[in-house]
Amino acid sequence: MVSGNDTQNSGFLLQGLSVEPELQSFIFGMFLSMYLITVFGNLLIILAVSSDSHLHTPMYFFISNLSFIDICFTTTTILKMLINIQIQSKVISYGGCITQMYFYMLFAALDDFLLTVMAYDRFLAICHPLHYTVIMNPRLCGLLVLVCWLVSALFSLLESLLVLQLSFCTDLEIPHFFCEIKQVVLLACSDTFLSDVFMYFTSVLLGGGPLAGILYSYSKIVFSIRGISSPQGKYKAFSTCVSHLSVVFLYYCSSLGVYLSSTGAHSSHSSATASVMYTVVTPMLNPFIYSLRNKDIKSALKRFFQMAVIKRKIVLDLKNHP
């Protein structure tokens with residue numbers, strides 16, 4: 001057994017998705033492409049919302065925050081793997097592993113909470129349309145996002161502090177492409193009872209609680225939509241929820257896939273593979289889900305690029321004709 005101090009000096013080894021050398025270039029190219037698409041797509045959503053006054057509404061405020069969190073989430077889990085493949089190393093320092101684990105839990109929890117807040121926003125917009133603008137004022141929107149950050153940061157910090165108290169065995173290989181908390185705790189030689197209890201407690205609380213809130217909101221939404229007499233009115237009300245429902249479906253299905261794969265045979269390899277959907281594919285698809293069916297964001301992006309072209313022409317004209 002090695003102590004925490006020895007672990008700090010030696011660090012951990014991230015096995016990644018495959019140990020086959022011939023697959024490393026393919027994995028690097030595929031994940032780099034997915035990472036760039038994720039960052040570029042979510043940045044476009046943020047730019048569209050921030051640059052267009054028509055999108056300065058609660059729904060788009062939450063969407064832009066979700067895009068920012070998705071960029072951070074993907075960067076936390078994927079960037080170190082890409083660097084390790086490029087330099088042909090599997091090492092991550094003890095401090096780097098704990099830091100990555102903290103931010104992974106932080107942004108995963110933020111995703112969870114923000115999707116719940118967005119369900120509450122849709123609930124108010126459809127079930128209480130006359131009071132929506134009064135209730136969902138900028139102050140409340142900012143407060144909801146702030147609470148999401150504070151609660152997520154607190155739980156992530158507590159879990160990370162519990163892991164810091166553990167001592168680790170000589171086998172420091174993590175069968176994953178990032179420092180996933182369950183895989184790190186499994187390497188500990190000291191008693192992990194407190195860490196395990198808190199980990200399962202937070203999983204139920206941060207997973208089950210927000211999901212229950214989302215299901216409750218949409219049960220009320222469905223009841224309200226059924227009361228609308230006009231088919232056009234029903235379609236319009238439901239269409240405002242389609243994008244959010246699609247993201248919720250992707251998020252929780254991928255999370256469930258990770259959980260089920262970790263309980264079956266060959267759990268380490270299966271969990272690492274299933275985590276790709278959760279950490280990479282879902283954040284990459286979110287911008288497409290929110291933009292392809294959304295005329296407002298399409299129009300905002302079109303105006304943004306038109307303004308960028310106009311500004312570029314003005315700059316070039318000034319340079320050519322000073």
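In the predicted model, the protein chain exposes about 16,900 Å², of which carbon and sulfur atoms supply 69%. Of its 322 residues, 45% count as buried. The chain holds 11 helices and three strands, and from the N terminus on these elements follow the order α-β-α-α-β-α-α-α-β-α-α-α-α-α. Among contacts with a sequence separation of 6 or more, 79% join residues 24 or more positions apart.

The largest nonpolar core comprises 94 residues, and Phe 12, Phe 31 and Phe 168 have the most contacts inside it. Helix H4 supplies the largest share of this core, 22 residues. One of the three phenylalanines, Phe 31, is also listed among the buried residues of helix H2.

The unreviewed UniProt entry annotates residues 26-49, 61-82, 102-120, 140-158, 197-216, 237-260 and 272-292 as "transmembrane region". Two of these spans were examined for secondary structure and length. Residues 26-49 are 100% helix and 0% strand, with end C-alpha atoms 35 Å apart. Residues 140-158 are likewise 100% helix and 0% strand, and there the end C-alpha atoms are separated by 27 Å.

Helix lengths were compared with the expected rise of the chain. Helix H2 (residues 24-51) contains 28 residues and reaches 40 Å from its first C-alpha to its last, close to the 40 Å expected at 1.5 Å a residue. For helix H6 (residues 138-164), the 27 residues should span 39 Å at that rise, and the end C-alpha atoms are 39 Å apart, which agrees. In helix H8, 34 residues should span 50 Å; the end C-alpha atoms lie 48 Å apart, and this too agrees.

The buried residues of these helices were then listed. In H2 they are Ile 27, Phe 31, Met 34, Tyr 35, Thr 38, Val 39, Gly 41, Asn 42, Leu 44, Ile 45, Ala 48 and Val 49. The buried residues of H8 include Ser 195, Thr 202, Gly 207, Pro 210 and Ser 217, along with Phe 198, Met 199, Leu 206 and Ile 214. In H6, the buried set is Cys 141, Val 145, Cys 148, Ser 152, Phe 155, Ser 156, Glu 159, Ser 160, Leu 162 and Val 163. The cover over the buried residues of H6 includes helices H3 (58-87), H4 (94-127), H7 (181-186) and H8 (193-226).

At the N-terminal end of H6, Asn 137 acts as a cap, with a side-chain oxygen 3.1 Å from the backbone nitrogen of Arg 139. Further along, Ser 152 lies in H6 and counts as buried because its relative accessibility is 0%, below the 20% limit. Leaving aside neighbours within four places in sequence, Ser 152 is in contact with Leu 106, Ala 109, Leu 110 and Phe 113.

Tyr 132 lies in helix H5 (residues 132-135). With a relative accessibility of 14%, Tyr 132 also counts as buried. Beyond residues up to four places away in sequence, Tyr 132 touches Pro 58, Met 59, Asp 121, Arg 122, Leu 124 and Ala 125. One of these partners, Asp 121, is 11 residues away along the chain, and the two C-alpha atoms are separated by 8.5 Å.

Thr 74 is placed in helix H3 and is buried, with a relative accessible area of 1%. A polar atom of the Thr 74 side chain lies 3.0 Å from the backbone oxygen of Asp 70. The backbone oxygen of Thr 279 is 3.5 Å from a polar atom of the Thr 74 side chain. Thr 279 also appears in the contact list of Thr 74, together with Tyr 35, Thr 38, Leu 79 and Pro 283, when residues up to four places away are not counted. Both Tyr 35 and Thr 38 belong to the buried residues of H2.

Two exposed loop residues complete the description. Pro 21 is found in the loop between strand E1 (12-14) and H2, and is exposed with a relative accessible area of 63%. Gln 88 lies in the loop between H3 and strand E2 (91-92); its relative accessible area of 76% makes Gln 88 exposed. Pro 21 and Gln 88 are 67 residues apart along the chain, with a C-alpha separation of 9.7 Å. Most residues other than glycine have a negative phi. Gln 88, although not a glycine, has a positive phi of about 55°.

Definitions and conventions: Residues are numbered from 1 along each chain as its sequence is written. This is a predicted model: local features need pLDDT of at least 70, side-chain atom pairs count only at pLDDT 80 or more; totals for chains, interfaces and linings use all residues. Side-chain values use heavy atoms; hydrogens and water are left out. Helices (H or I, at least four residues) and strands (E, at least two) are DSSP runs, numbered from the N terminus. Buried means under 20% relative accessible area, exposed over 50%, partly exposed in between (1.4 Å probe, protein chains only). Contact means heavy atoms within 4.5 Å. UniProt positions are given in the numbering used here, feature names are shortened, and annotations may be inferred rather than shown by experiment. The expected span of a helix is 1.5 Å times one less than its number of residues. A polar contact is a pair of N or O atoms within 3.5 Å; within protein, one must be able to donate a hydrogen and the other to accept it, and residues adjacent in sequence count only if both atoms are side-chain atoms. Accessible areas come from the Shrake-Rupley method with a 1.4 Å probe; for residues, only the protein chains shown count as cover. A nonpolar core is a set of buried Ala, Val, Leu, Ile, Met, Phe, Trp, Tyr and Cys residues joined through side-chain atoms within 4.5 Å.
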